[in-house]
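Visitor: Could you pick one part of this model and take me through it up close? I'd like to follow it residue by residue where that makes sense, with just enough background to find my way around.

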Amino acid sequence: MSTAAFSPETREALEGERRLWVLLRALAHGAGAWAFLSPLAGEASVWAGVFGAFVGALLGGRLARVRLRTWSLAAASVLALAVLAVVRHGAGSSLFFASLMGPGDGLGALEFSTFLFGGAAVSSTLRALALRHRVLGVLEVAAATLAVAAFFAPHRDGAINRPFELADPILTRGGDPTVAILIAGGVAVGLGAVLFLRERRVLRAVVHLLVLVLVVFGVVWTTSTKGLPTPPPPTDGLGLRGDENQGGGQGGGGGGGSSNGELEFRDDYSSSQKQVPVAVVIFRDDYSPPTGMYYFRQGAFSQYNGSRLVAATRDDVDRDLFTSFPNGTVPSLDPPGDGGSSESVETSVALLADHPQPFALTSAYEMTSATNPDSARFRRVYRVRSRAIVADYPIFLGHASGSSAWSPEVREHYTKAPTDPRYASLATEIMAAVPEELRGEAIVRAVAVSEWLGKNSKYSLRSRHANAPDPTADYLFGDRVGYCVHFAHAGVYLMRSLGLAARVATGYAVEESARQGGSTLLITGGASHAWPEVYLDGIGWVVVDVAPEESLDPPPPPPDPDLQRLLGELARGDTPVPEDGSPPPRSFDELARRLSSLALRGGLIALALLFFAAYGTKVWRALAPRFAKDDELGRVLYRAELDALSAIGTRRLSGESREAFADRVRDVLPSLVPLTNEHLARTFGRGTDVTKMREAAKALRAERKRFAKAWRRALGVLDPLSWIWTR
Amino acid sequence: MTTQTEQSVTTQEIEAAQATVAKLAARLRAAIKGRDDVIELITVGLLADGHVLLEDYPGSGKTTLARALGESIVEDSGTSEFAPFRRIQFTPDLLPSDITGTSVFSPETGSFSFRPGPLFSHIVLADEINRTSPKVQAALLEAMAEKQVTSDNATHKLDDLFFVIATQNPLDVAGTYPLPTPQLDRFLFKIAMKHIARDAELELLAQYPVPPLSNASSHPPVTRSEILAARRAVRHGVLLAPPMRQALVDFARALRADPRVLQGASTRSIMLAMPALQARALGRGRTWTSPEDLDALVPHVFRHRVELSPGVDDADAILRECLAPILDTLAKESMRR
């Protein structure tokens, strides 16, 4: 196809393409496609996409020669992709392929062909655009960068084991994949810099450098690069992590911000970064909770101050909580009773984010400090012994609410409810549905309240109660749309209206299924929770959580099982073992040490060898004229003299003839002119006159001494590489 | 692989040719101040049997130069058929016969006889060649290429020495007939003359009121046969080594491949370049051509032969860019075993 219709620059790009570069570019396209697609699809489809991108990049040159304006070319490609999407959608929803080759293979074949043609279309278009206009080459580079960045992006937000191919071998050797990924990024930036700066025009190189700096800045700015997950911003409203209240009235959502020791009601409960891990819990004893949920209690709100529940100001209540991290073994001041309904469960907690006070599986009676196996990764590690409830609620029948040991003030503290009569009347209404013979049972009353709340509430992190004077009443007697803080408060108020000793507890609640059969439980920021609990005599605080039957929000995704397993192993202080049972490999540090010492020694030896080789060559080239035969002298002597000139920094320029060089330095080194003439006569004339040449060389040596200062000559002698710059 | 017949030229002949060039150059330098570079190119053109196009402003000494050259060569063949120097001022109304000559009826003999035009001379100054009509240009160019003129179906041979110095004004182009590339191709050199240096200009003024050309008469002239012998010595006595010939071809190919060049160097142009390189080498006292000759002559030989893409105008820069790698190759060549 003729290229005459294009601008000279485009023509140059089209015709000047070297085959090797075309091939390398196509390979780069294929690699980019692999990086982008490999997390998305099955292996066959990924390779189809890679092949498509490879062939597409090869065809890009042909596409660029098509007589279409560049924008029509781009539009045609977008159209082609749209058609592909429509066809894929249509074929995917029709039953034709499914009936032809079965649903699995049908979908696979569709995906295969989509990636094949999609990869080809995208690659050929990018290539063609880049060939048409150099500016549009930015698109090609950006696509490749995005593909690679997307490949590494899952590494963010604590998923330190992505991509598996890179991270696993490093992690099993006890290393930190972050370092490897940073090195990969550094190498990529370095390569990019070299490629971008390989430019004849300085201005363009500078522009490229600026673009590169912007890209790097953008990537660094949008990616958290250091180590493990930074803890999510303290927006959970539950005060589980210490920095909660330091922001001072963040936003207007929480009724003027939260003050110390109270729960915040929010209208829009941000769910960003909810998947960020905050802690790892290892179960030393197997335990399956009857409710299907693990509750980790951290704090409690039991004091009603006339408008809401706040942390207790008395020091003779909520004494079962651990208010500080243990140093040695610390028992609970108000240990839970056994009552035949619980068993002792030991857990280890490794905190990934700072917490002001420890949390523990309900209900803890003893806490022990533990050594941190990886202080770079874990903030704090402690062990907890809990009396975990193993039976369902009926076992609590017969236990009264509140402890017989309580003083009247304490009982008053736990039963003080809002004066709003609607709570009491609603509580009475709820109790009316309970069989009469059970109405006296504390646990039945509490469960009745929470079940009623569960039946009649809708769960949503977006609600509109925060600005009401009593958000709980606004929720309970309003649309009953809310989240755990609303449910917990409403539950406690209703229970207290029924005379039960109740409080709101905060902490984390995780479904048992999240363990996924392992002994490790990963707690993410999204698991923070508040729930009502009642005090039963002889048992202690029992969780009576509200489980809303209807949720307006989509359920959160399950935690990453690999990350959970990995962090668990790290928290145990074990070296993760390869899954296939092969012996654990040599530790990463040792490997790195050996490699670096090997590289250092090899590098030094290579450097020394190079140094000696350079000096050897220099000396040999300087001495060669003494041993050269006459027919070689014209060359060897001239080379020796050029070396000597190069050592004092006088060299021929690129594109300058030897005579022009000699003429240039004629004023200071006049003998170079006859020397050059004799030298050239060897190749272009009728042979060198050896005597003349020797005379000229001798004269030149004297001139050189006059011309160059002593230190310059000394430097020239010392420089092992001076001969390399000789032209 | 050398195809030159070196043996036919003796050292004495070479030395004589070098002496001729030196004499001629000395005489011209005495007549023209501050134009040593142009004088060298003109003598190279003369010895290489090419023609020269001067691109220049009025009053820069073109005519003086051409007249000095014409007066430096004396006739020694005994015939007075050819004048040493003729100047033709080209105008739009000029006819081909005005320069070639025409047949005149002679009443005594009752027949037509050919009266030679101004082209029948050793040195012809074709002033403002782009001001005349294409047919006159064509007649001149035929004369330049074939060394003969055709009039009334009769062909008349011109002098062997016949050497044309044409001029044109680079700026004043209104109402001109610019020479097309194939016609420009017939000129060996296109020399862009620059204004002379301050010292040379002062020296020129200091000579006043002595007319410039009278300085030249103190130097001995050269004879027509000396020039012709020197031409022969150049062609047969100066070595053009295989790497130099390769360099010429490689340069022409590089020029043709350059995307900024629509039409590169013709094969004729590199053929013409060979004697020019030899002539320059001889003038510089060498019996072999060197890369430096190529470096010096390439701009003048090829400047007017390349046709550039629209929007590109710096032919010299392109020539330099294409030549640089060739010169590097030649420099490496000289280091080869």
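Guide: Sure, let's get our bearings first. Chain B has 13 helices and 13 strands, and 52% of its 337 residues count as buried. Among the contacts in chain B with a separation of 6 or more, 80% are between residues 24 or more positions apart. Chain A comes with 22 helices and 16 strands. Of its 727 residues, 44% are buried, and the share of contacts between residues 24 or more apart, again counting separations of 6 or more, is 71%.

Keep in mind that this is a predicted model. The average pLDDT in chain A is 80, with 85% of the residues at 70 or higher. One stretch to handle with care is residues 243–260 of chain A, where pLDDT drops below 50. That stretch still has 28 contacts in the model beyond near neighbours in sequence. Where pLDDT is low, the coordinates shouldn't be read in detail.

Now for the close look. I'd pick the open sheet in chain A with five strands, in the order E7-E2-E12-E14-E15, paired antiparallel. Which strands stand at its edges? They are E7 (360–361) and E15 (540–543) of chain A: each has a single partner strand, so one side of each has no neighbour in the sheet.

Start at the E15 edge. In chain A, E14 (residues 528–536) pairs with E15 in the antiparallel sense, and four bridges hold that pairing in the model. One bridge you can pick out puts A:Leu536 opposite A:Gly540 in E15(A). A helix belongs in the picture too: H15 (residues 484–497) of chain A lies across E12 (502–511) and E14, and it runs at about 15° to E14(A).

Next, follow the aromatic side chains on these two strands. If you count ring pairs with centres within 6.5 Å, there are 22 over all chains. One of them is A:Trp406 with A:Tyr535: the centres are 4.6 Å apart and the planes meet at 45°, so this pair is classed as tilted. Look at where the two partners come from. A:Tyr535 is in strand E14 of chain A, while A:Trp406 is in the loop between strand E9 (380–389) and helix H11 (408–415), and the two are 129 residues apart. Are these two residues buried or exposed? With buried meaning under 20% relative accessible area, A:Trp406 at 17% is buried, and so is A:Tyr535 at 7%.

The neighbouring strand has a link of its own. A:Tyr414 and A:Trp541 make an edge-to-face pair, with 4.9 Å between centres and 70° between planes. A:Trp541 lies in strand E15 of chain A and A:Tyr414 in helix H11, so the pair ties together parts that are 127 residues apart in sequence. Both of those residues are buried. Put the two pairs side by side: E14 carries A:Tyr535, whose partner sits in the loop between E9 and H11, and E15 carries A:Trp541, whose partner sits in H11.

Before leaving this side, glance at A:Tyr493. Ring pairs link it with A:Tyr304, A:Tyr423 and A:Phe477 in a cluster.

Then cross to the other edge strand, E7. A:Ser363 lies in the loop between E7 and strand E8 (364–369) of chain A, and the peptide bond leading into it from A:Thr362 is cis, with omega near -15°. That's worth a second look, since most peptide bonds are trans.

Two charged side chains elsewhere in chain A also meet rings. A:Arg380 has its charged end over the ring of A:Phe325, 4.1 Å from the centre. A:Arg515 lies over the face of A:Phe283, at 4.8 Å from the ring centre.

To finish, a quick return to chain B for backbone oddities. B:Asp49, in the loop between helix H2 (36–47) and strand E1 (52–55), has a phi near 60°, which is positive although the residue isn't glycine. B:Asp49 is partly exposed at 27% relative accessibility. B:Glu128 also has a positive phi, near 55°; this residue lies in the loop between strand E6 (121–127) and helix H5 (134–146) of chain B, and at 23% B:Glu128 is partly exposed.

Conventions
Residues numbered from 1 in each chain as written. Chains lettered and ligands numbered in written order. Heavy atoms only, no water. pLDDT = per-residue confidence, 0-100. Contact = heavy atoms within 4.5 Å. Pairing = 2+ DSSP bridges. Axes fitted to C-alpha atoms, helices over the stretch in contact; angles between N-to-C directions. Phe/Tyr/Trp six-rings, centres within 6.5 Å; stacked < 30°, edge-to-face > 60°. Buried < 20%, exposed > 50% of the residue type's maximum accessible area, 1.4 Å probe, protein only. Lys NZ or Arg CZ within 6 Å of the ring centre and 35° of its normal.
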